[in-house]
Amino acid sequence: MQAPLAHQMALAPTGDIMIACAGAAAALGVLALYFGGLLSIVRSDLTGGMKLVWLVFALMAPFFGSLLWFLIGRRDAERRAGIA
């Protein structure tokens, strides 16, 4: 009865390390999305007003603002650049 308990206790720190690494990887991914979105907005061909709107939205809602920029805004900015 004690052998399985000892085995579980030996694996507990490994599980904690895995959870910490997964959390760190997720945090780095969110930061990369955020800074990549800001850089992409600044480098886009949008006019000053639209660029400011996207920047404020990305700063106010870092994850969703950057995500929406990559899903919607960047494509729209490329389409507008092709029109002009």
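These legends go with a set of close-up views of one predicted model.

**View 1. The whole chain, a run of three helices.**
Let's begin with the overall layout of this predicted model. The chain holds three helices and zero strands, and reading along the sequence gives the pattern α-α-α. Helix H1 covers residues 2–43, helix H2 covers residues 48–60, and helix H3 covers residues 62–83. Of the 84 residues in the chain, 18% count as buried. The accessible surface comes to about 6,200 Å², and carbon and sulfur atoms account for 75% of that surface. Among contacts between residues at least 6 apart in sequence, 50% join residues at least 24 apart.

**View 2. Helix H2 from end to end.**
How does the span of H2 agree with its number of residues? With 13 residues at 1.5 Å a residue, helix H2 should span 18 Å, and its end C-alpha atoms are indeed 18 Å apart, so the two values agree.

**View 3. The two sides of helix H2.**
Look here for Lys51, Trp54 and Ala58, which are buried in H2. These three residues lie on the same side of H2, because they cover an arc of only 65° around the axis. Turn your attention to the other side of H2 and you will find Gly48, Leu52, Leu59 and Met60, which are exposed.

**View 4. Ile41 and its contacts.**
Ile41 belongs to helix H1. Is this residue Ile41 buried or exposed? Ile41 has a relative accessible area of 0%; buried means under 20%, so Ile41 counts as buried. Setting aside neighbours within four places in sequence, Ile41 is in contact with Lys51, Trp54, Leu55, Ala58 and Trp69. Among these partners, Lys51, Trp54 and Ala58 are the buried residues of H2 shown in View 3. For one pair in this view, Ile41 and Ala58, the separation is 17 residues in sequence and 9.1 Å in space, C-alpha to C-alpha.

**View 5. Ser40, next along helix H1.**
Ser40 also sits in helix H1. With a relative accessible area of 17%, Ser40 falls under the 20% cut-off and therefore counts as buried. Which residues does Ser40 touch, not counting those up to four places away in sequence? They are Trp69, Phe70 and Arg74. You may recognise Trp69 from the previous view, where it is one of the contacts of Ile41.

**View 6. A nonpolar patch on the surface.**
To finish, here is a nonpolar surface patch of about 340 Å², made by Phe57, Leu68, Leu71 and Ile72. Helix H3 gives the most to this patch, with three residues. One of the patch residues, Ile72, has its place in helix H3.

Notes: Residues numbered from 1 in each chain as written. Predicted model: local features only at pLDDT ≥ 70, side-chain atom pairs only at ≥ 80, totals over all residues. Heavy atoms only, no water. Helix = DSSP H or I, 4+ residues; strand = E, 2+ residues; numbered from the N terminus. Expected span 1.5 Å × (residues − 1). Buried < 20%, exposed > 50% of the residue type's maximum accessible area, 1.4 Å probe, protein only. Arc of directions from axis to C-beta. Patch = residues over 30% accessible without salt bridge, like charges linked within 9 Å, V, L, I, M, F, W, Y side chains within 5 Å. Areas by Shrake-Rupley, 256 points an atom, 1.4 Å probe, with all protein chains shown as cover. Salt bridge = Lys/Arg side-chain N within 4 Å of Asp/Glu carboxyl O. Contact = heavy atoms within 4.5 Å.
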